[in-house]
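Ready for a few exercises on charged side chains? Take a look at the structure first, then work through the steps.

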Amino acid sequence: MTYLKFKADKIFDGTRFLEDDKVLVTDESGTIQEILSVKEAGDDIQQLSGILTPGFVNCHCHLELSHLKNVIPPHTGLIDFLCSVVTKREAPSKPPHKGEAYEDPVKKKFDAIISAEKEMYENGTVAVGDIGNTADSLEVKKHSKIYWQNFVEVLSFTDEKAEENFKHYKEVAEILERGLQTSNHQTSNLQHRTAMVPHAPYTISPKTFFLINEATQHKIISIHNQEHPAEDELYKTGGGDYLRFFKIFGIDKSPFPVTGKSSIKSILPYFNNGQTIFLIHNTFMPEEDITWANEYAAANGLKLVYCICINANLYIENKVPPIYLFMKHNCHIVLGTDSYSSNSQLSIAKEIESVQKYFPHIPIETILQWATSNGAKALGVDSQFGDFQNGKKPGIVLLQKDFSASKRLS
């Protein structure tokens with residue numbers, strides 16, 4: 001058997017930095033064999049500049065929106081951003097120059113998905129929690145070496161349409177499940193998973209929440225949470241800036257119950273089936289809601305995961321989430337990129353770089369845990385990914401020392 005031996009300025013094993021004299025040893029397939037001292041490792045050691053780390057886990061992406069790269073300008077604010085996504089998500093055909101054919105919008109979307117998947121793979125992403133309203137990404141995922149947790153995102157504003165809409169998204173989920181059963185996935189022996197999930201508190205009616213809860217017993221799901229102060233205002237008063245968003249769908253007033261409480265306090269009690277729930281963004285989540293959500297989850301058999309997509313928050317609102325508060329309350333934190341509609345790249349290295357920039361007191365070991373072992377545990381794929389334990393095939397990534405870029409080595 002041929003062995004590969006890697007040494008770098010630093011080796012992060014998924015939990016901590018190892019002593020400087022350590023060498024990572026793998027077989028040709030990338031399966032971890034052992035970690036040795038330089039003296040024990042012998043010859044043929046590859047000396048690398050940077051940080052060696054297990055493959056990255058991107059816990060929140062929208063691969064099917066990759067064609068929206070550079071389409072929506074930054075700093076519009078969330079409400080205008082959402083309106084743009086709804087009105088621009090169908091790829092337009094490009095008017096031809098004289099003598100040229102029209103650009104096929106379906107091909108444009110497919111090519112963008114291919115390019116985005118390739119980018120994530122090459123920069124060291126090994127697993128993704130991916131949001132989709134359609135099965136547009138299926139063909140790319142079938143041939144991808146990345147592990148996919150598919151979150152089929154349900155939108156259903158009213159109880160009257162709940163069953164009809166739920167049936168539609170269930171059919172999307174079934175297409176993905178059937179299609180990925182024949183996947184050419186070569187990174188691991190893990191089976192891709194698919195779950196139906198609520199989009200956000202401002203797009204899901206009570207009956208729709210009930211249907212999703214019933215369909216997701218003990219599953220991993222996600223929901224966009226408290227990205228804008230208007231989300232809490234919607235549930236506390238029935239008013240606020242989301243009314244502009246509803247008008248796109250022909251809805252004149254809030255279709256949701258006025259609870260007098262924040263959005264998270266209003267919607268989390270819909271869930272009681274042992275789910276792991278990824279709370280996405282959390283940009284405007286106050287400390288009292290963090291405390292309440294964690295206590296509610298612990299008392300009701302739920303697991304909460306707090307997913308930080310800092311570059312998307314900066315792109316849309318030019319705000320950052322209260323990460324120090326999540327750490328204070330021992331929240332399980334992971335990282336995501338969101339989509340090309342709200343980010344300039346799909347790079348976990350760039351997310352690490354931004355967290356370090358805006359929260360300089362967080363140890364880099366902690367941020368790397370969020371990007372690797374924490375993400376793998378949250379997605380339930382830590383048997384394969386997240387750390388350099390012997391026998392695992394977690395991917396090997398070389399991260400630049402300034403965290404500005406990364407590349408896959410194995």
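Before we start: a residue counts as buried under 20% relative accessible area, as exposed over 50%, and as partly exposed in between. Keep in mind that this is a predicted model.

**Exercise 1.** Work out whether Lys207 is buried, exposed or partly exposed, and find its salt-bridge partner.

*Solution.* Start with the area: Lys207 has a relative accessible area of 32%. That value lies between the two cut-offs, so Lys207 is partly exposed. Next, look for the partner: Lys207 forms a salt bridge with Glu163, with 3.1 Å between the closest N and O atoms. Finally, place both: Lys207 sits in helix H6 (residues 206-215) and Glu163 in helix H5 (residues 162-180), so the bridge ties together parts 44 residues apart in sequence.

**Exercise 2.** Compare the burial of the two partners in the salt bridge between Asp136 and Lys109.

*Solution.* First check the contact: the closest N and O atoms are 3.3 Å apart. Asp136 is in the loop between strand E6 (125-132) and helix H4 (138-142), while Lys109 belongs to helix H3 (residues 105-122). Now the areas: Asp136, at 34%, is partly exposed. Lys109 has 11% relative accessibility, so Lys109 counts as buried.

**Exercise 3.** Find which parts of the chain the salt bridge of Arg244 and Asp80 ties together.

*Solution.* The two side chains meet at 2.9 Å, N to O. Arg244 is in helix H8 (residues 242-247) and Asp80 in helix H2 (residues 78-88), so the bridge joins parts 164 residues apart in sequence. Then widen the view: Asp80, Asp241 and Arg244 are linked in a salt-bridge network.

Notes
Residues are numbered from 1 along each chain as its sequence is written. This is a predicted model: local features need pLDDT of at least 70, side-chain atom pairs count only at pLDDT 80 or more; totals for chains, interfaces and linings use all residues. Side-chain values use heavy atoms; hydrogens and water are left out. A salt bridge is a side-chain nitrogen of Lys or Arg within 4 Å of a carboxyl oxygen of Asp or Glu. Helices (H or I, at least four residues) and strands (E, at least two) are DSSP runs, numbered from the N terminus. Buried means under 20% relative accessible area, exposed over 50%, partly exposed in between (1.4 Å probe, protein chains only).
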